[in-house]
Amino acid sequence: METLLIITNNPAVQARYRGCMLSMQPDYQRVLLTARDAIHQGWRLMMHPESGSVLPGRTPYRSLLLDNTHRRPDWTSLEMIENALIRFRHFQPPELVSHWPAGVLRDFQFIDLNLLRQAVENCAGNSLMT
């Protein structure tokens with residue numbers, strides 16, 4: 001049974017966790033919205049939606065790890081994701097990402113991948129495999 005879900009827009013995460021329960025999204029905002037929808041269905045955040053101290057809108061990538069072992073809405077997760085959405089909308093710059101060099105985008109992918117990897121390691125007893 002799958003107990004962990006990765007929601008991401010990071011191609012490096014998609015490549016690293018191929019074969020895992022993963023929801024690939026087109027952008028940062030869709031990651032947050034998809035996570036919020038999952039939380040309403042009983043999933044729980046296993047990492048802070050703004051981990052890494054990088055302001056929303058200053059990084060193009062976000063990956064989140066969720067757990068479904070509780071099967072009821074987790075109010076703390078819901079509050080965290082709603083606050084992350086508010087901050088994202090406040091800090092979101094106009095189409096800055098499309099102008100960043102490929103090397104900078106790879107750096108942001110690497111940072112996001114490592115933040116997710118730490119969360120996965122903290123949940124080592126759960127299953128990520130589909």
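**Exercise 1. Determine in which helix Gln109 lies, and decide whether this residue counts as buried or exposed.**

Solution. Gln109 belongs to helix H4, which spans residues 102–122. The model examined here is a predicted one. The next step is the relative accessibility of Gln109, which is 15%. The cut-off for a buried residue is under 20% relative accessible area. Gln109 therefore counts as buried at its value of 15%. As a last step, consider the neighbours: with residues up to four places away in sequence set aside, Gln109 touches Asn10, Pro11, Ala12 and Tyr61.

**Exercise 2. Establish the order of the strands in the sheet and identify its edge strands.**

Solution. Begin with the inventory: the protein chain contains 4 helices and 4 strands. Along the sequence they follow the pattern β-α-β-α-β-β-α-α. The open sheet has 4 strands in the order S2-S1-S4-S3, and its pairing is mixed. S2 and S3 (44–45) are the edge strands, since each of them pairs on one side only.

**Exercise 3. Describe the pairing of S1 with S4 and with S2.**

Solution. Take S4 (residues 63–67) to begin with: S1 pairs with this strand in the antiparallel sense, over 5 bridges. Within this pair, Leu5 stands opposite Leu66, and Thr8 stands opposite Ser63. Turn next to S2 (residues 22–24): S1 and S2 run parallel and are joined by 3 bridges. Here Thr8 stands opposite Met24. Finally, follow the connection: S1, helix H1 (residues 11–16) and S2 form a β-α-β unit that is right-handed.

**Exercise 4. Explain why strand S1 is described as largely enclosed by the rest of the structure.**

Solution. Count the buried residues of S1 (residues 4–8): 5 of the 5 are buried, so the strand is largely enclosed by the rest of the structure. Then separate the two faces. On one side Leu4, Ile6 and Thr8 are buried, and on the other side Leu5 and Ile7 are buried, which leaves both faces covered. Next, locate the helix: H4 lies across S1 and S4, and runs at about 15° to S4.

**Exercise 5. State what percentage of the residues of the protein chain count as buried and what percentage of its exposed area carbon and sulfur atoms supply.**

Solution. Of the 130 residues in the protein chain, 45% count as buried. For the surface, the chain exposes about 7000 Å², and carbon and sulfur atoms supply 53% of this area. A further step concerns contacts between residues at least 6 apart in sequence: 74% of them join residues at least 24 apart.

Notes
Residues are numbered from 1 along each chain as its sequence is written. This is a predicted model: local features need pLDDT of at least 70, side-chain atom pairs count only at pLDDT 80 or more; totals for chains, interfaces and linings use all residues. Side-chain values use heavy atoms; hydrogens and water are left out. Buried means under 20% relative accessible area, exposed over 50%, partly exposed in between (1.4 Å probe, protein chains only). Helices (H or I, at least four residues) and strands (E, at least two) are DSSP runs, numbered from the N terminus. Two strands pair if DSSP finds at least two bridges between them. A crossover is right-handed if, with the strands pointing away from the viewer, the path from the first strand over the helix to the second runs clockwise. Contact means heavy atoms within 4.5 Å. Accessible areas come from the Shrake-Rupley method with a 1.4 Å probe; for residues, only the protein chains shown count as cover. Axes are lines fitted to C-alpha atoms, for helices over the stretch in contact, and angles run from 0 to 180 degrees between N-to-C directions.
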